[in-house]
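Reader: I should like to learn how to read a protein model. Would you please guide me through one?

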Amino acid sequence: MNFIDRISYFLTLFSEHLLISFLAMLIVTVFGVAIGIWVFYKPKARRIIMPTVNFLYTIPSIAMFGLLIPLVGIGLQNALIVLVLYGLLPIVHNTYSGMKEVPYHLVDAAKGLGSTPQQLFRHVYFPLALPSILSGLRITTVMVIALTGLAALIGAGGLGQAIFRGLNTMNTPLIVTGSLGISLFAILGDKFVGTLEKNNNLQRIINRNAQPSQKHFIYLNLGILAALVLMSLVYINPFSKIKDRVITVASKPMSEQYILGEIMSQLIENQTDINVIRQFGIGGGTTNIHPALLSGDLDMYVEYTGTAWMNVLNQQSQLNFEQLQQQYQDNYQLQWLGLLGMNNTYAIAIPQSIATQKQIKTYSDLVRHSVAFDFGAEFEFFERADAYPSLIKVYPFNFAKLHEMDISLRYKAIEEGKVNAIDAFTTDAQIEALDLQVLVDDKHFFPDYEAGIVIREAVLQQYPELKTVLMQLEGKISTESMRKMNYQLEVLKETPKEIAQAFLATLGHKDE
Amino acid sequence: MNNKKTVLTVNNVTFSYDDKVVLKDFSLNIDTGSFVCLTGESGCGKSTLLRLMNGLLIPQQGDININGERLTLANAIDKRRSIGYILQEGALFPHLTVYQNMIYCLTLLNMSPQACQQRIDELLPLVNLSHDLLQQFPDQLSGGQRQRVGIIRGIAHHPAIVLMDEPFSALDPETRESLQDLVKSIHQQTDTTFVMVTHSLSEAEKLGTAIVNM
């Protein structure tokens, strides 16, 4: 990624992060303070509201994002609801306890001097509860800014996107920059609320007894915040997204999906006048993307046939592709636009050198030589009935030794020579990086996970030209070329944008 | 006593907190311009009586009348605006300046800033406070200064009656003495009725025109 690209990528994420957390803070402050005041005056409401607010806080935030998807879909709305519900606790509690702890003799004095209940609230309860409210606000601010980092999982954007993209594509600098950005942001947010709290600045301003220097200090801080919010608004201009001709391309949180999403997006941008919104790295993958397609939040993504049969249609056995297309159309009004050519399924890989030397090409070849191999795989592979236990019934492997290890350690183990055969996914970048040979599943044991474009029928009706444009990709991305592109992303640290550009150039579709 | 008008009457009042009876069938007439001191053991109901007089508490039986009008929950806030209230150590609002505390009752009555300023200028010499203190906050004052501010707050709106709940109890003897003199002189210069709760009989004897031992 060149410097300008990188800067503009992070500026976008920062702007999104600022706007999401600012909006959430605005809502949570208004609601939190209002609820806190309400429960102070209404003991009956308090008995229901306080446990509810406590309960909301105990729901793991990731689960809450997921639980809301069937109700409000993915994106900003979902993120805001979670942030607000989650941020309520400190503000509601501190508002309530701040009011409760106003000294009785002051309430007595104000009442005795003739204050109405409204005046009592305005002159005594609220200003005296303010320090407590502000310290609650401080906690909520830090929490909301940090939690906004997770909003990227449901496609709401923000600095979390950099972290998740980094995690999914093995890009450590992205993870570090995203994390540091969020920390810095949280510290600044905390400092900002701190300025309202310090020297009772806000309390003094509300009571009209602030020193001019206090006023100037607070107005300066508010001005900086307002300017940042305004600049972010102008920079990402969320209103411009409400265009007539627009399509939302989604991807799962894995390397090849970022690349494929980018290839589809650029192809559409290059050859049509449709505007593309990229919603890449949606947390939970199919589980969250498929419902979002049905609700119309997302328009298209790349799915795998095996996942479609098993996880979407809930069928154990796979029928042919035409039947898959038919069922998608009948059940979901979604279309499969052909298959890309690649098959990202389970595989067994061995070092290229051994494969050449012993002339091992297929699983059946490996059976004959299996006593010379130490096989390493993740715990799940040995455990699942449809994996190793079934595999050895079809291919009677007799490995010298079996090594159970964490999924992330398999490639490390084969690199260091601790094992010399592992299970793999066919498009893994490390196969390329470590010069491994993927063996051919000659008896076709593993199900197919062929990649294809799934798109909403309504979108195709709206933009009929899309079909021809996207069908150009049919059969053009082989398992090997996908593996190479994953290698470019994960090992050579090229960006999905660059990789997609290069790929489309070979297809003959240069940027205009 | 001369044939003075009665400003406040307590008629056969009974008041209890939950099951504990604090006042039973209690009656009292207070004349305009008098200085009534309520004394007695702690728990005898003297503070309760004071809070009944400005409607912070409403009696279970009997009634309180101010200028012939019965004090009820509905008119209590209205009535309180013609009553001053001075508490122990002033009970000043810590988030308001000295000046804002002084004009608290005037702002409740929506008086103009000029009128407020004028009234405070009038009162400051009376309590021996300098102008410099006006923009300070209560925690920057001494105990005696705080109570002087509390006194101004209690009388600024020209109340007909001023209720005081142990106003000098937390002060050192010297300050207490000077404040007693101050209140006495204010009482003598105005026609305001004072009702003060105190546990000190000597204070009651010094200030009171009538002492009610409860």
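Author: We shall take the two chains in turn and then look at single residues.

Reader: What must I know before I begin?

Author: This is a predicted model, in which local features need pLDDT of at least 70 and side-chain atom pairs count only at pLDDT 80 or more, while totals for chains, interfaces and linings use all residues. Residues are numbered from 1 along each chain as its sequence is written, and chains are lettered from A and ligands numbered from 1 in the order in which they are written.

Reader: How many helices and strands are there in chain A?

Author: Helices (H or I, at least four residues) and strands (E, at least two) are DSSP runs, numbered from the N terminus. Chain A has 24 helices and 10 strands. Its C-alpha atoms fill a box of roughly 100 × 55 × 45 Å along the principal axes.

Reader: What share of the residues of chain A count as buried?

Author: A residue is buried if 20 or more other C-beta atoms lie within 10 Å of its own, exposed if 12 or fewer, and partly exposed in between; C-beta atoms are placed from the backbone. By this rule, 43% of the 512 residues of chain A are buried.

Reader: How does one describe two helices that meet, such as α1(A) and α2(A)?

Author: One compares their axes, which are lines fitted to C-alpha atoms, for helices over the stretch in contact; angles run from 0 to 180 degrees between N-to-C directions. Helix α1 (residues 3–41) and helix α2 (residues 43–58) of chain A have axes that come within 7 Å and cross at roughly 140°. Angles under 35 degrees count as roughly parallel, over 145 as roughly antiparallel, 65 to 115 as roughly perpendicular and the rest as oblique. The helices α1(A) and α2(A) are therefore oblique to each other.

Reader: Which residues of α1(A) and α2(A) meet?

Author: Two residues are in contact if their C-beta atoms, placed from the backbone, lie within 7 Å. From α1(A) come A:I35, A:W38 and A:V39, and they meet A:A45, A:R46, A:I49 and A:M50 of α2(A). Here six residues are nonpolar, none is polar and one is charged. In this scheme Ala, Val, Leu, Ile, Met, Phe, Trp, Tyr, Cys and Pro count as nonpolar, Asp, Glu, Lys and Arg as charged, and the others, Gly among them, as polar.

Reader: What span should helix α11 of chain A have?

Author: The expected span of a helix is 1.5 Å times one less than its number of residues. For the 17 residues of α11(A) (residues 255–271) this gives 24 Å, and the end C-alpha atoms are 25 Å apart, which agrees. Since 14 of those 17 residues are buried, α11(A) is largely enclosed by the rest of the structure.

Reader: How does the radius of gyration of chain B agree with that of a compact globule?

Author: The radius of gyration is taken over C-alpha atoms, and the globule rule is 2.2 Å times the number of residues to the power 0.38. With 214 residues, a compact globule would have a value near 17 Å, and chain B has 17 Å, which agrees. Chain B holds eight helices and nine strands, and 42% of its 214 residues are buried. Of its contacts with a separation of 6 or more, 75% are between residues 24 or more positions apart.

Reader: Which elements cover the buried residues of α6(B)?

Author: Helix α6(B) covers residues 143–155, and 12 of its 13 residues are buried, so it is largely enclosed by the rest of the structure. Among the buried residues are B:V149, B:I151 and B:I152. The cover includes β6 (83–86), α3 (98–102), α4 (104–108), α5 (113–127), β7 (161–165) and α7 (173–189) of chain B.

Reader: How many residues of chain B are in contact with chain A?

Author: There are 16, in contact with 16 residues of chain A. The elements of chain B that give two or more residues to this side are α2 (76–80) and α4, and α4(B) gives the most, with three. By class, this side of chain B has 10 nonpolar, four polar and two charged residues.

Reader: What is the sign of phi at A:K493 and at B:E166?

Author: A:K493 has a positive phi of about 60° although it is not a glycine. A:K493 lies in the loop between α23 (479–490) and α24 of chain A, and is partly exposed, with 14 other C-beta atoms within 10 Å. B:E166, also not a glycine, has a positive phi of about 45°. B:E166 is in the loop between β7 and α7 of chain B, and is partly exposed, with 19 other C-beta atoms within 10 Å.
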